[in-house]
Amino acid sequence: MRKLILTFISILYIGYAFAQTKDVAAKNAPETVIVKNRLTDSVVERFNVLKTNRGIRQGLYQALYQKNYALASGYYDNDKRTGTWHFFDNRGHLVQNFDYKTNQITYEAPEDSTSNLQYVVDVKLSDTSRVTKPLKVGGRFFGYLPYLNLFKLPPELLNLNPNVSFGMVELLVSPLGRLASFKVHVFSGSFEKVFNMSIDVPDPADKIFIPATVNGEPVSSRVVIKCAFRSDGGLEFY
């Protein structure tokens with residue numbers, strides 16, 4: 001009986017101590033406010049920033065497609081991504097998990113022929129070649145949004161017929177996994193024009209990829225993304 005009472009008291013004490021620790025942690029947690037930002041016409045990001053410094057992200061981050069589907073979800077700690085982040089396509093399917101503690105992709109969903117991304121390695125292949133595609137942290141939708149957002153048709157091309165017009169983003173990735181070239185091809189019927197974009201993209205993380213490999217050796221490769229034009233001349237995924 002005495003042992004039972006002591007055990008009960010121990011459980012109560014542990015529960016009380018845990019609650020006290022949780023309360024102290026909550027009190028010491030920095031105050032945050034929620035910020036919303038529109039990335040594209042159809043994508044809105046929602047995240048927390050410090051109340052005392054709105055330039056520092058702290059806590060939950062989410063990007064939502066058409067207010068219904070999550071594209072990205074994870075946490076910031078002092079403006080740095082932490083833990084495992086989850087990335088989805090525009091239909092809500094999980095396409096990638098990335099662990100920022102180990103700096104590794106822990107899951108990459110298979111890609112089928114319906115994908116609007118294509119990959120080309122810049123070496124000759126044989127029937128026995130083992131090839132892996134280049135990978136971008138953020139997955140096949142959210143990870144490539146920054147490149148689409150950097151382009152808009154110039155005013156003189158805004159009257160292109162949308163029924164026969166489309167764009168293609170072409171990214172050259174070096175064997176070291178660095179962005180080496182960034183182009184946007186504009187097609188409209190028989191018309192074609194190529195825009196050479198700067199590789200000095202605003203976010204340094206968008207210069208970094210996991211390179212393609214052939215037989216285990218990193219090689220240069222190209223990622224090609226077919227896009228539609230919005231009414232304002234911007235690019236969006238098909």
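These exercises work through the sheet, the aromatic pairs and a surface patch of a predicted model.

**Exercise 1. The sheet**

Task: Find the order of the strands in the open sheet, and state which strands stand at the edges.

Solution:
1. Read the order. Seven strands form an open sheet, and they run β1-β2-β3-β4-β5-β6-β7.
2. Note the sense. The pairing is antiparallel.
3. Find the edges. β1 (32-38) and β7 (104-108) each have a single partner strand, so one side of each has no neighbour in the sheet.
4. Add the twist. From one strand to the next, it averages 15°.

**Exercise 2. Strand pairs and bridge partners**

Task: Follow the sheet from β2 to β5. For each pair, how many bridges are there?

Solution:
1. Start with β2 (residues 43-50) and β3 (residues 57-65). They pair over six bridges, antiparallel. R46 has Q62 in β3 as its bridge partner.
2. Move on to β3 and β4 (residues 69-77). This antiparallel pair has seven bridges. Here L64 is matched with A70 in β4.
3. Finish with β4 and β5 (residues 80-88). Five bridges hold this antiparallel pair. S73 has H86 in β5 as its bridge partner.

**Exercise 3. Two hairpins and a loop lysine**

Task: Describe the connections on either side of β3, then place K67. Is K67 buried or exposed?

Solution:
1. Take the connection before β3. A hairpin of six residues joins β2 to β3.
2. Take the connection after β3. The hairpin of β3 and β4 has three residues between the strands. In this hairpin, Q66 has a positive phi near 50°.
3. Place K67. This lysine lies in the loop between β3 and β4.
4. Classify K67. Its relative accessible area is 72%; the cut-off for exposed is over 50%, so K67 is exposed.
5. Check a long-range neighbour. K67 and V44 are 23 residues apart in sequence, but their C-alpha atoms are 7.5 Å apart.

**Exercise 4. Aromatic pairs**

Task: Describe the pairs Y61–Y76 and W85–Y100. Which of these four residues are buried, and which are partly exposed?

Solution:
1. Count first. The model has 17 aromatic pairs.
2. Take Y61 and Y76. Their centres are 6.0 Å apart and their planes meet at 70°. The angle cut-off for edge-to-face is over 60 degrees, so this pair is edge-to-face.
3. Locate them. Y61 sits in strand β3 and Y76 in strand β4, 15 residues apart.
4. Classify them. Buried means under 20% relative accessible area. Y61, at 2%, is therefore buried. Y76, at 10%, is buried too.
5. Take W85 and Y100. This pair is edge-to-face, with 6.0 Å between centres and 70° between planes.
6. Locate them. W85 is in strand β5, while Y100 is in the loop between β6 (94-99) and β7. They are 15 residues apart.
7. Classify them. W85 is buried at 0%. Y100, at 23%, is partly exposed.
8. Join the pairs. F47, Y61, Y76, W85, F87, F98, Y100 and F142 form one aromatic cluster.

**Exercise 5. A nonpolar surface patch**

Task: Which residues make the nonpolar surface patch, and where does L125 lie?

Solution:
1. Name the members. V123, L125 and V131 make a nonpolar surface patch of about 220 Å².
2. Locate L125. This leucine is in the loop between β8 (117-121) and β9 (131-132).
3. Classify L125. Patch residues need over 30% relative accessible area. L125 has 43%, and counts as partly exposed.

Key:
Residues are numbered from 1 along each chain as its sequence is written. This is a predicted model: local features need pLDDT of at least 70, side-chain atom pairs count only at pLDDT 80 or more; totals for chains, interfaces and linings use all residues. Side-chain values use heavy atoms; hydrogens and water are left out. Patches are made of residues with over 30% relative accessible area and no salt bridge: like charges are joined within 9 Å, nonpolar side chains (Val, Leu, Ile, Met, Phe, Trp, Tyr) within 5 Å. Accessible areas come from the Shrake-Rupley method with a 1.4 Å probe; for residues, only the protein chains shown count as cover. A salt bridge is a side-chain nitrogen of Lys or Arg within 4 Å of a carboxyl oxygen of Asp or Glu. Helices (H or I, at least four residues) and strands (E, at least two) are DSSP runs, numbered from the N terminus. Buried means under 20% relative accessible area, exposed over 50%, partly exposed in between (1.4 Å probe, protein chains only). Two strands pair if DSSP finds at least two bridges between them. Axes are lines fitted to C-alpha atoms, for helices over the stretch in contact, and angles run from 0 to 180 degrees between N-to-C directions. Rings of Phe, Tyr and Trp (its six-membered ring) pair if their centres lie within 6.5 Å; planes under 30 degrees apart count as stacked, over 60 as edge-to-face and the rest as tilted.
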